[in-house]
Amino acid sequence: MIHWNSFADFLAMGGYGFYVWGSFGATVLIMAIEPIMVARNRKTTITRLQRQMRAETRAENRNTAE
Amino acid sequence: MKDRFNLYRFASPATFYPLAGTLIPYFAAISVIFGLAGLYLGMLVAPTDFQQGEGYRIIFIHVPASWMSMFIYLVMAFWAAIGLAFNTRLSGMMAQALAPTGALMAFLSLWTGALWGKPMWGAWWVWDARLTSELILLFLYIGYMALTAAIDDARRADKAGGLLLLVGVVNVPIIYFSVKWWNTLHQGSSVNLTKSSMAETMLWGMLLMAMCFWMYSIAVALMRVRTIMLERERHTDWVKAELAGQVAGGKK
Amino acid sequence: MLEADNLECVRGERRLFAGLNFKLEGGELLYLQGRNGAGKTSLLRMLIGLLPPEAGEIRWRGMAIDKLADEFRADLCYLGHLNAIKEELTPLENLLAAARLADETLSEDDAIDALEQVGLAGREDLACKYLSQGQKRRVALARLVTEKRPLWILDEPFVALDVAAVDWLAGIISGHLQRGGLAVMTTHQLVNIPAGQVRELRIGG
Amino acid sequence: MLEADNLECVRGERRLFAGLNFKLEGGELLYLQGRNGAGKTSLLRMLIGLLPPEAGEIRWRGMAIDKLADEFRADLCYLGHLNAIKEELTPLENLLAAARLADETLSEDDAIDALEQVGLAGREDLACKYLSQGQKRRVALARLVTEKRPLWILDEPFVALDVAAVDWLAGIISGHLQRGGLAVMTTHQLVNIPAGQVRELRIGG
Amino acid sequence: MLKIVSAVIGRDLKLAMRRQADIVSALFFFIIVVSLFPLGIGPEPDLLRKLAPGVLWVAALLATMLSLPRLFADDHRDGTLEQLALAPHPLGLVVTGKVIAHWLVSGLPLALIAPVLGIQFDLSADALLVLTGAILLGTPALSGIGAIGAALTLGLRGGGVLLSLLVLPLYIPVLIFGAGAVDATVTGLGGEGHLSLLAAITFASVGFAPWATAAALKIALE
Amino acid sequence: MLKIVSAVIGRDLKLAMRRQADIVSALFFFIIVVSLFPLGIGPEPDLLRKLAPGVLWVAALLATMLSLPRLFADDHRDGTLEQLALAPHPLGLVVTGKVIAHWLVSGLPLALIAPVLGIQFDLSADALLVLTGAILLGTPALSGIGAIGAALTLGLRGGGVLLSLLVLPLYIPVLIFGAGAVDATVTGLGGEGHLSLLAAITFASVGFAPWATAAALKIALE
Ligand code: HEM
Ligand SMILES: Nc1ncnc2c1ncn2[C@@H]1O[C@H](COP(=O)(O)OP(=O)(O)OP(=O)(O)O)[C@@H](O)[C@H]1O
Ligand SMILES: Nc1ncnc2c1ncn2[C@@H]1O[C@H](COP(=O)(O)OP(=O)(O)OP(=O)(O)O)[C@@H](O)[C@H]1O
Ligand SMILES: [Mg+2]
Ligand SMILES: [Mg+2]
C-alpha cells in the first residue's frame with residue numbers, strides 16, 4: 001500500500017520537498033516547543049508561588065509572635 | 001439564587017483542576033495516536049494529486065490548522081459569553097489558556113498556506129479575502145493576549161478580553177465564507193461528507209490530522225489553564241494545599 | 001429605603017469586607033469610617049452600582065438596584081473625590097452642562113444663584129483651570145444646591161475646603177436630611193452635622 | 001557649605017518668596033516649614049539645581065552650583081515625593097540599578113544588607129508592584145543607607161511610613177549629621193531628630 | 001433620548017472648540033502622512049493616481065486612530081465619566097453622542113480636506129467626488145469601532161499602541177470598501193456597490209458599537 | 001562615560017523584557033500598517049513592488065513615532081528622570097543610552113522583520129538586502145530625532161499628536177534617502193549613495209540629538 005518507491009523519493013516529495021517539509025517542520029517544531037514552554041512556565045510559576053507562600057507564612061508567624 | 005450557586009460550583013476551579021490533571025495524558029495520547037495514523041495515511045499511503053503533484057500534502061497540516069484557528073476562536077468567544085453572562089471564574093481562565101494555542105494555529109495556517117501558495121500560485125502571499133481575514137484572525141488573537149496582559153486585575157482582564165472576543169467573532173464567518181462571497185484565488189470547500197471530491201485516503205488522513213490537532217489543543221490548553229488557576233487562586237486553601245503537596249511529594 | 005444585604009467586597013486579591021449589612025431610612029445619614037485602604041470608597045461605588053459586589057445585594061425602595069437601573073440613578077446624586085468639572089469651561093457652563101447630562105432642568109438664574117451660595121460670585125465667567133483647588137471643589141458642590149434627589153452619596157466631600165465652607169456644607173447636608181433625604185458619607189475630618197439622625201459604620205477593623 | 005543668597009521664586013504668575021537667605025554648615029539640618037503651596041518643594045528643587053531661581057544664587061563650598069555642575073551633583077542625594085523606583089524590577093534590582101546610574105559602586109551584599117535594614121528582608125525578589133505603598137517608600141529610602149554623600153535633600157521623607165520606620169529614618173538622619181553631613185528637609189509631620197543642630201526656616205508667611 | 005444625545009454632542013463640541021489643538025492635529029497628521037508618500041515613492045503621476053485611494057484611506061485610518069485615546073481619557077481622569085455613567089439613561093446613548101461628536105471633530109474635517117489632497121495625486125473630478133463620499137460615509141464607522149477599542153484600553157499603561165493593535169484589524173473592511181469605491185470609479189466600474197456596503201458597515205457599527213463601548217466603559221469604571 | 005551609557009542601556013532593556021508589550025506592539029503596528037496598504041491599493045504585484053520601499057519606510061516612521069511618547073514618560077512619572085538628571089555626569093550621556101536602548105527595542109526588530117514583509121510585496125533578494133540595510137542604518141536617526149520631540153512634549157496634554165507634528169517633518173530626509181536607496185536598487189542604479197547619506201544623517205543625529213534632548217528634559221523638569 002505504501003506509495004513511495006524509495007526514501008529519497010519520499011524526501012523529494014516530487015520536487016515539492018522544500019514546501020512540504022517546510023510546513024511539516026514548522027508544525028512539528030511548534031507542537032514540540034509549545035508544550036515544553038507551557039510545562040516550564042508551570043514549573044516556574046509553582047516555585048514562585050511556593051516561595052511567596054513561604055514568605056507569607058513567615059510574615060504571619062512573625063506578626064502573631066509579636 | 002440556588003441555581004446560580006450550582007453553576008458556580010460546577011465551574012469551580014477547585015473541582016476542575018484535578019479533573020484536568022487526570023484528563024491531560026489521555027488527550028495527549030489520543031492526539032499522538034491520531035497524528036501517527038493521519039501521517040501514515042497522508043504521507044505514506046495517499047496517492048499523488050493529479051493537479052498539484054505531491055505538493056498537496058501540505059493540506060494535512062494546513063486544513064487542520066486553519067480549522068482549529070477558527071474553532072478555538074469560537075470556543076473562546078463561547079467562554080467569553082458565558083463569563084460575561086454568568087460571571088463564572090473558570091470561563092475567563094479557559095479563554096486565556098486557549099489564546100496562545102489559537103494564535104499558533106492561525107500562524108501555522110498562514111505559514112503552511114504561504115508555503116503552499118508559492119508553488120501553486122507563484123506567490124508567497126496574495127491579498128485575497130480568505131488570506132486577509134485569516135491574518136486579521138491572528139491579529140485578533142494577539143490583540144486579545146496583549147489586552148489581557150495589560151490589565152493587572154484578572155477579573156477586569158477577563159471581562160474586557162471577553163468583550164473584545166465577542167466583537168471580533170464576526171471575523172470567523174467572514175473567513176469561512178470568504179471563498180463563497182468573493183471570487184478568490186483560494187480554493188473553495190471540498191470536504192463534503194455526502195459527495196466527496198477527494199480520494200478516500202486523503203480525506204481520512206485529513207480528518208485524522210484534524211482530530212490530532214484538536215486533541216493537542218485541548219491537552220495544551222488544559223495544561224495552561226491549570227497554571228493560570230494556581231496563579232489566580234493562590235490565596236485559596238485548595239491551592240495552598242496543592243502547592244504544599246508538591247513540595248512534599250517532589251515533582252509531579 | 002436603602003438596604004445593604006450581606007455585602008462582600010474583594011479588590012485585587014484581598015477580601016476587604018464580607019457580611020456587611022445596613023438599612024437606612026429617610027432623614028438618616030450613614031457615616032462610614034475606617035483607615036486608609038479599608039474599603040470605604042469601594043463600598044460607596046458598590047452603592048451607586050458601578051462596582052458589582054462579590055456577593056450580596058443592595059436594595060433601594062425594596063428593589064435590587066441593578067434591576068432598577070435608570071430609576072435608581074434618577075434618585076441618586078454622587079460626589080466622588082474627582083470633581084467631574086471641565087477645566088476649559090467656566091463654573092456656570094460646568095453646572096449647566098452637568099444638569100443637562102443628568103437630565104435635569106436648570107435655569108441659568110438658578111445656576112448663578114447656586115454658584116453665589118458656594119462663594120463663587122464674580123467668577124462665573126472664569127475658566128475653571130484658573131480656580132484654586134478649593135474653589136474647584138466648590139463648583140462640584142454647587143450641584144448639591146440645585147439638585148433635589150433623595151439619595152446623596154458623598155466620598156470625602158470636605159477635602160480641600162476651608163473652615164467656612166465646611167460649615168456651610170454641613171448645613172446643606174442637614175437641610176437635605178430634614179427634608180427627608182438620605183445620605184451616605186465618608187470623611188477623615190471630624191465634622192458636626194447639626195440635624196438629622198447620624199449612624200456610624202466602621203469597616204475593616 | 002551650602003549657602004542661599006537672596007533667592008526669589010516665581011511659579012506661574014505668583015511670586016512665592018523673595019530675598020531668601022540661609023547658610024548651612026556640616027552637621028546642620030535645615031527644616032523647611034510652610035503651608036501647602038508655600039513653595040517648599042520649589043525651594044528644594046532650586047537647591048538641587050533643577051529649577052533656576054528667578055533671582056539670587058545658591059553656593060556649595062563657596063561656588064555657584066550651576067558652575068560646579070557634576071561636582072555638586074556628586075555630593076548630593078535627593079529624595080522627592082516620587083520614589084524613583086521601577087515597578088517591574090525587584091527591590092534589589094532597583095537598588096543596584098540606582099547605584100549604577102548614580103555612578104556608585106554597590107555590591108550585591110551591601111544592597112541586601114540595606115534592604116534588610118529598611119525591613120524588606122525576604123522581599124528582595126518580589127517585583128515592586130506587589131509591594132505596599134509604605135514598602136515602596138522604604139525601597140527608595142534604602143538608598144540613604146548605602147550612600148555616603150554629604151548633602152541630603154529630602155522632600156517629605158516620612159510620608160507613608162509607619163511609626164517604627166519614622167523613628168528609624170530619624171535615626172539615620174541623625175547619624176548623617178553626626179558624621180558631618182548636611183540635610184535640608186520638609187515635612188508636615190512632627191518628627192524629632194535626636195542629634196545634630198536643627199535650624200528652622202518658614203516660607204510664605 | 002435625542003435630548004441626551006444632543007446634550008453630549010453640544011458639550012463635546014464646545015470643549016473641542018475651547019481646545020482647538022484636537023481638531024487641528026488630527027487634520028495635520030492626515031495631511032502630513034498623505035504628503036509623506038509621494039516623497040517616499042517618487043513623483044510619477046500614473047503611479048500616484050493608482051495609489052491615491054489607498055494612501056488617503058490609510059492616512060484617514062491612522063489619523064482617526066491617533067485621536068482615539070483621548071476620546072474617553074479626559075472624562076475618565078476628571079471624573080466626568082462616572083457622572084455620565086450615573087445619569088438616568090442608558091450609557092449607550094451617551095456614547096452615541098460622544099461618537100457623533102468625535103466624528104464631527106475628527107472625521108468630517110478629513111472628508112472636507114480629502115478632495116484637496118486628492119488633487120495632489122492627480123485624481124479626476126469623478127474620483128474626487130467618490131473619494132469624498134466614501135470618506136464621509138466610512139469615517140463614522142471608524143469612530144464607532146474605535147470607541148470600543150478606546151473604552152477597552154481606558155486607563156491602561158501603554159494604551160496607545162495597544163489601542164492600535166485592537167482597532168486597526170477591525171478597520172480593515174472599511175479600508176477595503178472605501179478604497180475599493182474610488183478604485184472602481186477610476187477604472188470605470190462604478191463605485192456604488194462599494195459605497196452601499198460601506199454605508200451598511202457604518203450603520204451597523206454606529207448602531208451597535210456604542211453599546212459594546214458602554215459595556216467596556218462599565219468594566220473600566222469598576 | 002561608556003560605563004554610564006551601558007548602565008542605562010542595560011536597565012532599559014531589562015525593563016523592556018519585563019514588559020514585553022513594548023517590543024511586541026511597535027513591531028505589530030509596523031506589520032499591520034504595512035499590511036494595510038495592499039488592502040487599500042489592490043493586489044497587483046507590479047504596483048506593490050514599486051510601493052514597497054515607500055510603504056515600509058512610512059510604516060517604520062509611524063511605528064517609531066508611536067513608541068516615542070513612552071520614551072521618557074514612565075521615568076518622568078515615577079521620579080526616575082529626576083534622579084537621572086541629578087547623577088554626576090552629563091544628562092546627554094544618559095539620553096544617549098536611552099536612545100540606543102529605544103533603537104534596540106523598537107528600531108532593530110523593524111529591520112529584522114522588514115525582509116519578511118518585503119517578500120509580501122514581491123521584492124527581489126537584492127532589494128530586500130538594501131531595504132534591511134537602509135532600515136538598519138536609518139532607524140537610529142529616527143530614535144535620536146524622536147527623542148528631542150518626546151522630551152519637548154513631556155507631560156503635555158495631548159502630547160501624542162503634538163509629538164507627531166513636531167517629529168514627522170524632521171523624519172522626512174530619512175524617509176527620502178531610505179526609500180530612495182531601495183528604489184535605486186530596484187531600478188538598477190545602486191543604492192550606495194543614498195545609504196551613505198543615510199549613514200551621515202544617523203551619525204549626525206545620534207551624536208547631536210541627545211544633547212538637545214537633555215536640554216529639553218531639563219526644561220520639562222523645572
Ligand atoms: C497564507 C495563505 C492561506 C491561508 C491564510 C489559508 C486559509 C485557509 C483556511 C482558513 C481554510 C479553512 C477554511 C475551510 O475549510 O473552508 C483553508 C482551507 C484550505 N486551503 Fe487554504 N489558506 C492559504 C493558502 C492556501 C493555498 C496556497 C492553498 C492551495 C493552493 C490552499 C488550499 C486550501 C485547501 C485545499 C483547503 C481546504 C478547503 C476544504 O476542503 O474545505 N490554501 N485555508
Ligand atoms: N481597582 C482596584 N484593583 C485592585 N485593588 C484595588 C482597586 N481599587 C482599590 N483597591 C484596593 O482596595 C483597598 C481599598 O480601597 P478603597 O479605595 O476602597 O479604600 P478607602 O477606604 O476608600 O481608603 P482611603 O481612606 O484612602 O480613601 C486598597 O487596599 C486598594 O489598594
Ligand atoms: N510648574 C508650575 N507652574 C506653575 N505653578 C506652579 C508650578 N509648580 C507649582 N506651582 C505653584 O507654586 C506654588 C508652590 O508649589 P510647591 O509645590 O512649591 O508648594 P509646597 O510648599 O511644596 O506645598 P506642599 O506642602 O503642598 O507640598 C503652588 O501654588 C503651585 O500651584
Ligand atoms: Mg477613599
Ligand atoms: Mg511639596
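**Entry 1: chain E, contacts**

I began with the contacts of chain E: among those between residues at least 6 apart in sequence, 80% join residues at least 24 apart. A note to self before going on: this is a predicted model.

Next I asked which secondary structure elements chain E has. I counted nine helices and zero strands. Read along the sequence, the pattern is α-α-α-α-α-α-α-α-α. The radius of gyration is 18 Å for chain E, close to the 17 Å from the globule rule for 222 residues, so chain E is as compact as a globular protein of that length.

I also looked up the extents of the C-alpha trace of chain E, and they are about 55 × 30 × 30 Å along the principal axes. Of the 222 residues in chain E, 65% are buried. The accessible surface of chain E is about 7200 Å², and carbon and sulfur atoms hold 71% of that.

**Entry 2: chain E, the annotated spans**

I checked the UniProt record, an unreviewed entry, for chain E. It puts the feature "transmembrane region" at residues 21-42, 54-73, 99-121, 127-154, 161-182 and 194-217. I then took two of these spans and looked at the model.

Residues 99-121 of chain E are 96% helix and 0% strand, and their end C-alpha atoms lie 31 Å apart. For residues 194-217 of chain E I got 100% helix and 0% strand, with 33 Å between the end C-alpha atoms.

**Entry 3: helix α9 of chain E**

How far apart are the ends of helix α9 of chain E? This helix covers residues 192-221, and its end C-alpha atoms are 42 Å apart. At 1.5 Å a residue, its 30 residues should span 44 Å, so the two values agree.

I did find a bend in α9(E): about 30° at A209(E). A proline, P210(E), follows within four residues.

**Entry 4: S164(E)**

I picked one residue in helix α8 of chain E, which runs over residues 159-186: S164(E). Is S164(E) buried or exposed? Its relative accessibility is 1%, so S164(E) counts as buried. Leaving out neighbours within four places in sequence, I found S164(E) in contact with M65(E), P169(E) and F29(F).

**Entry 5: helix α1 of chain F**

F29(F) sent me to chain F, where I looked at helix α1, residues 2-19. Its 18 residues reach 26 Å from first C-alpha to last, close to the 26 Å expected at 1.5 Å a residue. I listed the buried residues of α1(F); among them are I4(F), V5(F), V8(F), I9(F) and L15(F). R11(F), D12(F) and R19(F) are on that buried list too.

**Entry 6: how the chains meet**

Which chains share the most contacts? There are 10 pairs of chains that touch, and chains A and B have the most contacts among them. I also noted two pairs without contact. Chain B and chain D do not touch, and their nearest C-alpha atoms are 10 Å apart. Chain A and chain F have no contact either, with 15 Å between their closest C-alpha atoms.

**Entry 7: chain C**

I moved on to chain C and found seven helices and nine strands. Its radius of gyration is 17 Å, close to the 17 Å that the globule rule gives for 205 residues, so chain C is as compact as a globular protein of that length. The C-alpha trace of chain C spans about 50 × 35 × 30 Å along its principal axes.

In chain C, 57% of the 205 residues count as buried. Of the contacts in chain C with a separation of 6 or more, 68% come from residues 24 or more positions apart. Chain C exposes about 9000 Å², with 46% supplied by carbon and sulfur atoms.

**Entry 8: L144(C)**

I zoomed in on L144(C), in helix α6 (residues 133-146) of chain C. At 3% relative accessibility, under the 20% cut-off, L144(C) counts as buried. Apart from residues up to four places away in sequence, L144(C) touches C77(C), L79(C), W152(C), L154(C), L169(C) and I172(C).

**Entry 9: F17(D)**

My last stop was F17(D), in strand β2 (residues 14-24) of chain D. With a relative accessibility of 6%, F17(D) counts as buried. I(203) caught my eye as a partner: F17(D) and I203(D) are 186 residues apart in sequence, yet 7.0 Å apart in space, C-alpha to C-alpha. Beyond its neighbours within four places, the contacts of F17(D) include L7(D), C9(D), L43(D), M46(D) and I203(D).

Conventions. Residues are numbered from 1 along each chain as its sequence is written. Chains are lettered from A and ligands numbered from 1 in the order in which they are written. This is a predicted model: local features need pLDDT of at least 70, side-chain atom pairs count only at pLDDT 80 or more; totals for chains, interfaces and linings use all residues. Side-chain values use heavy atoms; hydrogens and water are left out. Helices (H or I, at least four residues) and strands (E, at least two) are DSSP runs, numbered from the N terminus. The expected span of a helix is 1.5 Å times one less than its number of residues. The bend at a residue is the angle between axes fitted to the seven residues ending there and the seven starting there. The radius of gyration is taken over C-alpha atoms; the globule rule is 2.2 Å times the number of residues to the power 0.38. Buried means under 20% relative accessible area, exposed over 50%, partly exposed in between (1.4 Å probe, protein chains only). Contact means heavy atoms within 4.5 Å. Accessible areas come from the Shrake-Rupley method with a 1.4 Å probe; for residues, only the protein chains shown count as cover. UniProt positions are given in the numbering used here, feature names are shortened, and annotations may be inferred rather than shown by experiment.
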